[in-house]
Structure formats: structure tokens, C-alpha cells
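User: I would like a close look at one part of this protein, with its aromatic side chains and their surroundings explained step by step.

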Amino acid sequence: QYDEASWTLLEKLMKLEPVAGKSLWTQLAGTARASTGLVADRDLGSRRDAVLGGGLAPLSYREPLQIVRGEGPWLFDAQGRRYLDGYNNVPVLGHAHPTVNQAIGRQLALLNVNSRYLHSNVVELAERLVSTMPPELDTCVFVNSGTEAVDLAWRMATLFTANTGAGILDWSYHGISAAVSDFSSNEWASGMQSPAHVGTFAAPSSQSTYEDGVSRASSVAKELSERGHRLALTMVDPMFTSAGIIDAPAHFMDGLIAGTHAAGGLFLADEVQSGFGRSGEQLWRFRLHGVVPDFVTLGKPMGNGFPIGAVITRREIADRFHQRQEFFSTFAASPVAGAATLAVLDVLQAEQLPAQATRVGEYLRSLVRGLDLGLVRDVRGTGLIAGIEVGLTRPETAAVVERFKQQGVLIGVTGKQGNVLKIRPPLVWTEEHVDLFMAAVTKVLG
């Protein structure tokens, strides 16, 4: 019977015209759109502009890259050229990591359903995340992205404090929702004043003190009060990535939290860019400061590309929210999202990537500092992130990034003046990849 059915199928397929047969076969196999072939489409950019809003969704680089494949620290374009990825932190384990791919595929083939059912993946993931936090942070709520995490933390904070004001860095990024875009000051339109319920404070320096932290929080609270808002939440990325990657002293952060609490607000450490081992074995940048926030928000690298985020907070805050509102998201905390992030945590531990990030990041920064380059003003960072401040204008710095691309290395730009080169690669970078990066540094900045 098996052979008879196979011959019947083959006879039907043989009657199809070859191109049509191939198309049907790949569709049925689910591989029709998983092409890894090096096929450049010269019209792809214009097609994209026609349906994706053109400048509404801008691309990187003057001549955009058509990326068709990723592997570890590498990206490959449609012409077959290989680029060293020094920019993307979403694939924290590197592109197309087989362990994560296998975990997602196996779970997806078995079950994927919303979080209103018990599933061990979700519970185990929450337990593992909470175990990496200070004991006060004992409650985990899953969402789909970093934006959603900050949005939910904001809702919790306003309800818990009965206040309506937010304190943010004057050059920060926290997400894209209607509420959270108000907290992303580096995305505000030119000349835009801060919303009435948002107060801003200046970024710290490596010499900032405890008193500086208290003063910034107090000033924001006073500014908000004058506009009719009391402080509900102060939020920072503990690596100050958007502000130029700043190594803030622990006592500054301690003072910022103390000043926030004195004003009646809560404090959020946004670990979307800095978490999951980028800053070292403690996994989270705020832990190096020795502080205890009221919220920690997670996103981007959490699923190595699979969309998942989380808010971790105190149970009393979650309970107060629950007394007034229920939170449910159809796709958050699905079994597949749980499988993806559990695989990420497994690989981080098994391959000791957080420790490697510390070693490789320091190697990178020490080599840049050792170069005799007049353009380089400062080199900053903790773990596998580096901010190289250069004595150039914003357009000139953007041109430098283009030249790195020509050398086969992808990096970014950050900082209020747009003159800090941002190197934030997958954590699988080794000293060998740093050496390749440094060869490009010498050619571009030299």
C-alpha cells in the first residue's frame, strides 16, 4: 500500500510542468519563501518604497544592503559578500543559532497557544529570569517586545503611585508605542518640546556623584510639579546607550533612585539594549551598579530574534495593578517564545558568552585606546559594547559608518551629537573578530 501511494503521487507530479511542479512542491513543503539563494533584486528598493511608506520606514546606508543570510557574527548580501556584524544585538547568540532554531521548531511542531493555559516553558522561564534578579524583584510578566514592557511598567507605575509624570534622560530611547514614544527623546521631531507629563535630565559622566543623581531626580520632580504632574517613574538604560554609551558610577545611579523615591516615584532599569550578558556574567547592567530598581524591562535579544519581552517587578506592584486591571496578550508567553528564550539562557551558560563578552569587549577597547588616532576623543563601554567618540560632525560620522560598510564591517552611531561610533555585536565575537574590526578601524579612521 505504501509503494502504491508513492507511485500515485509521483504520477500526478510528473504531469505537472517543471516550474509549476517545483513551485507547488516548495509551497507544500513550507520552503517556498525560505530562500538562501544569492539573488539580487534591483527593483526591491523601489518595490519596498511603494508599499512600505518610503521614508516612513527608512533603511540603513546610502546604498541599502539586501541581506539574505546570517551565520554567527556574519551577514551575507545578495551578491555573496560577507559582512562582520558589529551592530545587531537582537541575535545575542549570533545569527541563526542552531540550538534556538531547533528549540523553536520542535515546540512549534508540537504546540503554540496563548498563555491562558498552563505550560512548563513559561513557568520555568519566569523562574530562571527571577532567579537572576535581586530577591525584591520576584514577579515576571511576559510581553512581545521591549516597547510593550516599558508601556506596561508605565501603566503599573502610574496606578501604584497615583502619579502621572515621567523622568527620562534628555537623549534616550525606550520604544515606539503612543505612550512610550513620549519617553524616547532622541526620536522627537526637531524643535519639539517635551510632553507636559515628561521631564528630562542630563546624562551623567564618569565623575558624577551620588548628589548629582539625587539632584537630577529632584529637578525633574520639581519641573513636573510645576506642570501639574507628580513623578510616577524615572527610567534609564543603565548603559546609557543612546546618550553615547556612558559608564555611569554606581553612586550616581544610587542617588538617582533615592531622589526618585523621595519624590514619590518608582525606578525602571531598561535592560533591552544592555541585558542578557552583554555587560558580563551578572547578565544585567544594573547589577554592576549594585542597585535595586522597581522595574526591569527586557526585550530585543531575549529570544535571539523571536519576539518576546518581559517586565520584572515586585509582587506588591503587580498585585496593586491586578486589583484594578487584568493584563493579557495573545502572543506573549507562548510555549514557543518560552522555548526560544530558554534556549538563549542555556547557550549563554553553556558557551560562557557573558564572560567572553567581558574579555573580548575589554580587548577591543584597549586596542582602540592604544591607537594614535587624533580623531578619537574617548572610548567607553562595559562588556561587549563600545562607544568610540570621534571629533567629527554628525554628517561626517555618518560618512565614517558608510566607509566601515565598504570595509565589510557594520556598526552604528549614537550620542546626542551623533559623533559616537556604536559597536554592539552579537556576543559570539572573539578576539579574532576584534582583530578584523581593528583592521577596518585603521583603514577608516587612520
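Analyst: In this predicted model, Arg-69 is placed over the face of Phe-76, 4.0 Å from the ring centre. Likewise, Arg-424 lies over the face of Tyr-87, at 4.9 Å from the ring centre.

Aromatic rings also pair with one another, and the count comes to four aromatic pairs. In one of them, the ring centres of Phe-276 and Trp-284 are 4.9 Å apart and the planes stand at 80°, over the 60 degrees required, so this pair is edge-to-face. Both Phe-276 and Trp-284 are buried. The rings of Phe-404 and Phe-437 have centres 5.8 Å apart and planes at 15°, which is under 30 degrees, and therefore they count as stacked. This pair links distant parts of the chain, since Phe-404 belongs to helix α13 and Phe-437 to helix α14, 33 residues apart. Together with Trp-429, these two residues form one aromatic cluster.

Phe-404 has 0% relative accessibility and therefore counts as buried; Phe-437, also at 0%, is buried for the same reason. The contacts of Phe-437 include Leu-84, Ile-388, Val-409 and Ile-423. In the largest nonpolar core, which has 90 residues, Phe-404 and Phe-437 are among those that touch the most other members, as are Leu-129, Phe-142 and Leu-421. Helix α11 (residues 335-350) supplies the largest share of this core, nine residues.

Helix α13 itself covers residues 394-406 and reaches 19 Å from its first C-alpha to its last, close to the 18 Å expected. Its buried residues include Val-400, Val-401 and Phe-404, and what covers the buried residues of α13 includes β12 (386-390), β15 (420-423) and α14 (431-445).

Key
Residues numbered from 1 in each chain as written. Predicted model: local features only at pLDDT ≥ 70, side-chain atom pairs only at ≥ 80, totals over all residues. Heavy atoms only, no water. Helix = DSSP H or I, 4+ residues; strand = E, 2+ residues; numbered from the N terminus. Expected span 1.5 Å × (residues − 1). Buried < 20%, exposed > 50% of the residue type's maximum accessible area, 1.4 Å probe, protein only. Contact = heavy atoms within 4.5 Å. Core = buried A, V, L, I, M, F, W, Y, C linked by side-chain atoms within 4.5 Å. Phe/Tyr/Trp six-rings, centres within 6.5 Å; stacked < 30°, edge-to-face > 60°. Lys NZ or Arg CZ within 6 Å of the ring centre and 35° of its normal. Lists of a residue's contacts leave out its neighbours within four places in sequence.
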